[in-house]
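Trainee: Could you pick one part of this model and take me through it closely? I'd like to see how the pieces around it are put together.

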Amino acid sequence: MTTPRAIAEMNQPGPASHPAPGGRGSKQTDVRVHNEQLLLSLVRRHGALAKADIARLTGLSPQTVSVIMRRLEEEGLLARQAPVRGRVGQPSIPMALAPDGVYSFGLKIGRRSVELVLMDFVGRVRQSCRRSYAWPLPGAILAFARTEIAALTKTLPPARRKRIAGLGIASPFELWNWAEEVGAPQQEMDAWRGADLLAELESSLPFPVFLQNDATSACVAEVVFGRGSAYRNFFYFFIAFFIGGGVVINGAVFNGSGGNAGAIGSMPVPGGKGKSVQLIDAASVHMLEMRLKAAKVDPSPLLRQPQDWSGLEPHLGAWIAEIAPPLAHAIVAASSVIDFPAVIIDGGFPPEVRARIAAATQSAMRGLDLAGIQPPAIVEGQVGQHARAIGGACLPLLNRYILDQGQLVKEVA
């Protein structure tokens with residue numbers, strides 16, 4: 001799902017350590033690793049499962065399932081739940097993911113703020129911190145990451161610090177191209193051209209580091225912890241300072257041959273005076289910020305009050321009405337290529353704003369010519385404004401512990 005520069009060595013110390021591929025027995029080791037990931041992924045998807053349930057879903061023998069479950073329990077990745085008694089025979093013992101089995105960090109680099117989360121194995125954010133700025137600079141973000149990773153690591157008991165699987169960075173690519181939009185001096189933003197945060201952090205951290213586009217990371221979070229359990233195929237919008245998104249096919253984020261699949265900000269949509277514009281210029285929080293500044297209204301609540309934008313009316317309502325039609329056009333265009341059953345909308349705003357955007361987009365789509373197109377359901381995302389950081393924290397888990405839904409062959413069949 002991602003192509004990190006630094007892939008975790010399969011024999012790295014810590015939970016569920018595996019021998020590196022290659023050499024004698026490597027094929028057998030690969031099968032073992034796959035089966036462990038398969039069981040963990042099914043338990044993540046369905047919740048607590050007993051041995052018989054897993055054998056039925058995977059096609060593995062009960063004996064094989066027992067061996068794998070026992071090994072995962074010993075490694076602290078699975079935890080026994082209360083026995084379930086049936087009418088006859090011994091009670092079954094469901095196994096669930098152990099929240100303290102694995103931890104991971106997610107670092108979100110945004111145009112207006114940076115955020116770090118420490119996430120556990122079931123997707124709960126245990127600790128988080130953020131810092132706002134006028135525009136992002138690599139040196140400041142690197143210092144923030146190093147300082148806060150060290151601080152959040154100390155919140156874990158020493159024995160659990162060995163269970164940190166890695167750091168995932170969710171960042172917009174080519175940040176130097178956005179100097180004008182974020183109001184930054186071009187010479188300062190040009191510092192990103194030679195910056196390599198991934199290499200810098202790899203050299204100073206005891207665990208692997210991964211990098212992914214911020215909107216793609218948000219989409220990953222929705223697949224793993226959100227609507228991914230309900231929809232195997234969907235089109236995804238994440239509306240932040242700029243809009244981004246993703247394409248999910250067979251339960252996996254589809255990157256395309258050049259890694260640009262889901263680059264929905266570049267989609268052409270109708271603009272003013274009969275001209276087309278890109279969606280990034282027609283449906284982003286940046287537009288709301290500009291609207292507020294033009295009305296001499298302080299836009300800082302967009303960052304300082306991420307759970308309450310009620311004080312931004314009537315400009316907030318006008319912005320929602322403005323972005324709904326281009327979102328609807330983008331949805332119809334995407335649906336004419338792939339018959340998505342659902343389009344998921346999320347973003348860096350309060351849940352109440354997300355609900356209003358989804359409803360307004362649904363209404364705008366009804367006014368378009370849908371002949372020959374089965375309109376998808378427009379659904380609110382479940383992960384919310386922290387989706388990019390949580391998606392970053394998912395990247396180490398995807399590398400070692402999670403199979404995408406497309407690999408759950410028997411279940412899908």
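**A helix and its two sheets**

Mentor: Start with helix α9 (residues 214–225), which lies across β8, β9, β10 and β13 (342–347) and runs at about 125° to β8. Helices (H or I, at least four residues) and strands (E, at least two) are DSSP runs, numbered from the N terminus. Contact means heavy atoms within 4.5 Å; axes are lines fitted to C-alpha atoms, for helices over the stretch in contact, with angles from 0 to 180 degrees between N-to-C directions.

Bear in mind that this is a predicted model: local features need pLDDT of at least 70, side-chain atom pairs count only at pLDDT 80 or more, and totals for chains, interfaces and linings use all residues. Residues are numbered from 1 along each chain as its sequence is written, and side-chain values use heavy atoms, leaving out hydrogens and water.

Those four strands belong to an open, mixed sheet of 5 strands, ordered β10-β9-β8-β13-β14; strands pair if DSSP finds at least two bridges between them. At its edges are β10 (252–253) and β14 (377–380), each with a single partner strand, so one side of each has no neighbour in the sheet. Inside, β8 (residues 234–239) and β9 (residues 243–249) run antiparallel, joined by 6 bridges, with Phe 237 opposite Gly 245 in β9. Helix α13 (residues 351–366) packs on this sheet too, touching β8, β13 and β14, and its direction makes about 170° with that of β14.

Now the other sheet. It's also open, with 5 strands in the order β5-β4-β3-β6-β7 and mixed pairing. Its edges are β5 and β7 (209–213), each with a single partner strand, so one side of each is left without a neighbour in the sheet. From one strand to the next, the twist averages 15°. The β3 and β4 pair is antiparallel over 7 bridges, and Ile 109 has Val 114 in β4 as its bridge partner.

Here's α9 again: α9 packs on this sheet, touching β4, β6 and β7, at about 105° to the direction of β7. Helix α14 (residues 387–400) packs there as well, touching β3, β4, β5, β6 and β7, and its direction makes about 135° with that of β6.

So what should you take away? The α9 helix touches strands of the sheet with β8 and β9 and strands of the sheet with β4, β6 and β7.
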